[in-house]
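Here is a set of exercises to work through with the model open beside you. Try each task first, then follow the solution step by step.

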Amino acid sequence: MELTLYDLYQKMLAHMGPTGWWPADSKQQIIIEAILIQNTTERNAVRASQLIRAQTDYDFHRIRQLPLEDLEELVRPAGFMKNKSKAIQTLTQWYLAHNQDPKAIVAQYGVSLRDTLLKLHGVGPETADVLLTYIFDQPQFVADKYARTLFGLLGVEGLTTYQSLNRQLSQLPESFTYQEAQEFHGLIDEFGKAYFHPIENFKTSFLAGHRLDWESREKG
């Protein structure tokens, strides 16, 4: 059975229910965690996030005032503490300089916002797309490893890197709202956790035997 992207989203939502991603109390928390989750496990990122919450309550003014060495100790459980701490400082300062106002930021930068984010220290393509989706409420697609694996299993070829999928699917079709874009990313990642470890588990999933109608991705 062939599925359009929107069919796939609806089928996953019907079988799995809403995930509520990104689970956080504020956009500031999401920004911090989008950096912490890079190249580590969710468990390690959560540990570091909890330390930052306890110290600062994700108040960007308080985070900005932290000595770099103190921030590095909070970030340590997530690994790459020097690079991630610098990224958190840079992104925090940038967001404060824009009055922590996502709508105003979107209005100011428009279609160049992704390129602007990519120029900030520690913000790569995946992190930029997470921020566009969850901070700036854009119907962006996060082409992470779970997404590439799922689409490959559904018959799409050549998705070897983040860029290889992002080039073909950056923003979702107009049929998706930004809320659905947020949920779609959560569904894909939760599906991956359930059925990709090991990959043979996919054969037991509700998507086994389906194919993605990739030619219709522009329409959904």
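**Exercise 1. In which helix does Tyr109 lie?**

Solution. Keep in mind throughout that this is a predicted model.
- Step 1: Find Tyr109 in the chain; helix H7 contains this residue.
- Step 2: Look for partners beyond four places in sequence. Tyr109 touches Trp94, His98 and Thr116.
- Step 3: Take a distance to Arg76, which is 33 residues away along the chain from Tyr109. Their C-alpha atoms are separated by 33 Å.

**Exercise 2. Describe the make-up of the protein chain and its overall dimensions.**

Solution.
- Step 1: Go through the secondary structure. The protein chain has twelve helices and two strands.
- Step 2: Write down the order. From the N terminus the elements run β-α-α-α-α-α-α-α-α-α-α-α-α-β.
- Step 3: Compare the radius of gyration with the expectation for a globule. A compact globule of 220 residues would have a value near 17 Å, and the 18 Å of the protein chain agrees with this.
- Step 4: Add the extents. Along the principal axes, the C-alpha trace spans about 55 × 40 × 30 Å.
- Step 5: Turn to contacts between residues with a separation of 6 or more. Of these, 66% are between residues 24 or more positions apart.

**Exercise 3. Characterise the surface and the charges of the protein chain.**

Solution.
- Step 1: Start with burial. Among the 220 residues, 50% count as buried.
- Step 2: Consider the accessible surface, which comes to about 10900 Å². Carbon and sulfur atoms hold 48% of that surface.
- Step 3: Locate the charges. There are 22 positive and 27 negative ones, and their mean positions are 5 Å apart.

**Exercise 4. Which residues have the most contacts inside the largest nonpolar core?**

Solution.
- Step 1: Outline the core, which has 70 residues.
- Step 2: Pick out the residues with the most contacts inside this core: they are Leu150 and Phe151.
- Step 3: Ask which helix gives the most to this core. The answer is H6, with seven residues.
- Step 4: List the partners of Phe151, setting aside neighbours within four places in sequence. Phe151 is in contact with Leu5, Leu8, Phe141, Val156, Leu159, Leu165, Leu169, Leu212 and Trp214.

**Exercise 5. Is Gln89 buried or exposed?**

Solution.
- Step 1: Place the residue. Gln89 is in helix H6, residues 81-97.
- Step 2: Apply the cut-off: a residue is buried under 20% relative accessible area. Gln89 has 19% relative accessibility, so this residue counts as buried.
- Step 3: Look at its surroundings. Beyond four places in sequence, Gln89 is in contact with Leu66, Leu68 and Leu71.

**Exercise 6. How many residues of helix H2 are buried?**

Solution.
- Step 1: Mark out helix H2, residues 27-36.
- Step 2: Check each position. Nine of the ten residues are buried, and the helix is mostly covered.
- Step 3: Name the buried ones: Gln28, Gln29, Ile30, Ile31, Ile32, Glu33, Ala34, Ile35 and Leu36.
- Step 4: Identify the cover over these buried residues, which includes helices H3 (42-56), H4 (60-65), H5 (68-75), H6 and H9 (125-134).

**Exercise 7. Examine some backbone features in the loops.**

Solution.
- Step 1: Inspect omega between Trp21 and Trp22. A cis peptide bond with omega of about 0 degrees joins them. Trp22 sits in the loop between helix H1 (5-16) and H2.
- Step 2: Do likewise for His197 and Pro198, which are joined by a cis peptide bond with omega of about 5 degrees. Pro198 belongs to the loop between helix H12 (178-195) and E2.
- Step 3: Turn to phi. Phe80 is not a glycine, yet its phi is positive, about 50 degrees. Phe80 is in the loop between H5 and H6, and its relative accessible area of 55% makes this residue exposed.
- Step 4: Asn99 has a positive phi as well, near 60 degrees. Asn99 is in the loop between H6 and helix H7 (102-109), and counts as exposed at 64% relative accessibility.

**Exercise 8. Where does Asp213 lie?**

Solution.
- Step 1: Asp213 is in the segment after strand E2 (211-212).
- Step 2: Past the neighbours within four places in sequence, Asp213 is in contact with Glu2, Leu3 and Thr4.
- Step 3: Asp213 and Ala147 are 66 residues apart along the chain, and 15 Å separates their C-alpha atoms.

Technical notes:
Residues are numbered from 1 along each chain as its sequence is written. This is a predicted model: local features need pLDDT of at least 70, side-chain atom pairs count only at pLDDT 80 or more; totals for chains, interfaces and linings use all residues. Side-chain values use heavy atoms; hydrogens and water are left out. Helices (H or I, at least four residues) and strands (E, at least two) are DSSP runs, numbered from the N terminus. Buried means under 20% relative accessible area, exposed over 50%, partly exposed in between (1.4 Å probe, protein chains only). Contact means heavy atoms within 4.5 Å. The radius of gyration is taken over C-alpha atoms; the globule rule is 2.2 Å times the number of residues to the power 0.38. Accessible areas come from the Shrake-Rupley method with a 1.4 Å probe; for residues, only the protein chains shown count as cover. Lys and Arg count as positive and Asp and Glu as negative; His and the chain ends are not counted. The place of a charge is taken as NZ of Lys, CZ of Arg, CG of Asp or CD of Glu. A nonpolar core is a set of buried Ala, Val, Leu, Ile, Met, Phe, Trp, Tyr and Cys residues joined through side-chain atoms within 4.5 Å.
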